[in-house]
Amino acid sequence: MPEQKRTHRVLIGKPGLDGHDRGAKFIARALRDAGFEVVYTGIRRTPEEIAAAAVQEDVSAVGLSSLSGAHLRLFPAVVQALKNAGAGDIPVLGGGIIPDEDIGPLKDAGINAVFTPGTPVTQIIAAFRSACETQEAGRT
Amino acid sequence: MKSEHILKGLRDRDQRGIARAISLVEENDPLADEILSSLDDSLVDQAMVLGITGPPGAGKSTLTDRIISKYRSQGRRVGVIAVDPSSPISGGAILGDRIRMMGHALDKDVVVRSMATRGRLGGLCAAAGAAVRILASSGCSVIIIETVGVGQSEMDIIRLADITALVLAPGLGDDIQAMKAGLPEVADILIVNKADCAGADTLAMDMESIAREGGGKEKDKAKVCMTVASEGKGIDDLLAAIETVDASHRESGERRTRREKAYDLEVLDWALEMIKPLIIEKIEKWDHDRKGAPRLQAAKLLGQE
């Protein structure tokens with residue numbers, strides 16, 4: 001099979017009640033400019049809605065943004081919702097206003113990568129690319 | 001073996017199976033041909049394919065959301081293919097049509113798939129056409145293709161539909177802009193959305209006159225519908241108009257004719273997609289003077305001279 005460069009599809013969404021979507025939109029644009037196809041699901045979504053959209057869109061990774069402090073509850077809830085939808089192989093990456101001490105617990109809860117306001121955008125794109133490649137390599 | 005697994009997923013209406021099948025088509029995976037060759041043709045024949053097009057901001061996604069709700073209340077399973085343009089620079093895309101349809105996210109009988117145009121010469125039509133078949137095979141009896149009505153490739157996609165609706169709204173420019181944006185002459189239904197806004201009546205009058213100019217028998221003329229999608233107004237009338245057009249197309253044989261044309265269009269699309277790399281290779285290897293009329297050079301290259 002000719003190994004063409006595959007177009008990575010990702011979902012960017014905001015779980016919970018936080019309506020501040022500047023960060024999510026910034027990341028969506030940065031990923032688009034890096035050649036990703038970004039399914040954007042907007043603000044105030046439940047973890048189950050995000051998981052269902054991720055499955056229908058067959059994305060290789062899900063990116064979440066939270067600026068309201070609810071990340072410790074909401075990010076792992078999306079990981080769980082994906083598992084419940086039979087899509088536990090889709091990695092979840094998250095970013096936002098996240099204190100350093102929360103990064104460890106988030107990773108323990110299955111979040112693939114955590115970004116904070118100081119993370120360079122190139123590093124975020126690289127993390128998405130690597131997460132996508134791993135997911136796609138595992139497809140059967 | 002693997003295609004069997006995916007085909008079973010389609011029959012079982014498994015969300016991941018359906019999604020994966022469409023991805024295989026998008027990625028030009030050879031498995032896609034196997035899958036497409038083994039689909040349930042009777043389901044594909046029965047499904048109604050509705051094309052919704054129009055300029056950005058006219059309200060296509062909101063309207064689609066309302067149409068989904070109506071068909072769901074009739075117990076029909078609905079598929080949506082939402083096409084957005086790829087960036088010609090990076091090749092990436094932001095696919096945002098889903099935002100307006102998230103109210104259906106947990107309904108397993110609403111299958112939404114976003115597709116980017118991926119800047120292909122051909123291939124997009126074919127990928128969308130294949131997605132229509134896959135959704136129909138998974139039991140969707142209504143399939144909506146939503147796309148911005150600007151540009152050749154988008155218009156080609158709309159030609160895959162049994163019925164085409166053009167969505168316009170007041171405030172997006174005059175009637176000449178409307179004619180440029182959406183080619184009303186290919187539309188079976190002209191929708192004036194945001195009908196509660198100033199200028200809607202004038203736009204509706206313009207659309208009525210375009211519909212009249214179409215000529216032909218009264219029942220073949222494009223129908224004009226007025227909607228306020230955000231408030232769910234006018235959707236019943238729109239569905240009735242869709243019903244009327246569908247019945248008339250079935251009776252006159254127009255539906256069959258369009259399906260046949262759409263199939264040929266998909267074949268042409270694939271052929272172009274396949275031939276392009278061969279020509280590019282020829283040009284790269286070819287020792288030619290970059291002088292004279294390029295069209296003559298092309299004819300020479302293809303051995304037509």
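Visitor: How many residues does each chain bring to the contact between chain A and chain B?
Guide: This is a predicted model, where local features need pLDDT of at least 70 and side-chain atom pairs count only at pLDDT 80 or more, while totals for chains, interfaces and linings use all residues. Residues are numbered from 1 along each chain as its sequence is written, and chains are lettered from A and ligands numbered from 1 in the order in which they are written. Contact here is about C-beta atoms, placed from the backbone, within 7 Å. On that basis, chain A gives 27 residues and chain B gives 27 residues.

Visitor: Which element gives the largest share of chain A's side?
Guide: Helix H1 (22-33), strand E2 (37-40) and helix H2 (47-56) of chain A each give two or more residues to the side touching chain B. (DSSP runs define helices, H or I with at least four residues, and strands, E with at least two, numbered from the N terminus.) The largest share is six residues, and they come from H2(A).

Visitor: Which residue of E3(B) is the bridge partner of A:Val39?
Guide: E2(A) pairs with strand E3 (residues 93-95) of chain B, in the parallel sense and over three bridges. Pairing calls for at least two bridges found by DSSP. For A:Val39, the partner in E3(B) is B:Leu95.

Visitor: What are the edge strands of the open sheet?
Guide: Follow the six strands in order and you get E5(A)-E4(A)-E3(A)-E1(A)-E2(A)-E3(B), with parallel pairing. The edge strands each pair on one side only, and they are strand E5 (111-115) of chain A and E3 of chain B.

Visitor: And inside the sheet, what is the bridge partner of A:Ile12 in E3(A)?
Guide: Look at strand E1 (residues 9-13) and strand E3 (residues 61-66), both of chain A, which run parallel and are joined by four bridges. There, A:Ile12 has as its partner in E3(A) the residue A:Gly63.

Visitor: At what angle does H2(A) run to E1(A)?
Guide: H2(A) lies across E1, E2 and E3 of chain A. Angles run from 0 to 180 degrees between N-to-C directions, with axes fitted to C-alpha atoms, for helices over the stretch in contact. To E1(A), the angle is about 165°.

Visitor: What word describes how H2(A) sits against H3(A)?
Guide: H2(A) and helix H3 (residues 71-84) of chain A pack with axes 8 Å apart, at an angle of about 45°. Under 35 degrees is roughly parallel, over 145 roughly antiparallel, 65 to 115 roughly perpendicular, and the rest oblique. So H2(A) is, relative to H3(A), oblique.

Key: Two residues are in contact if their C-beta atoms, placed from the backbone, lie within 7 Å.
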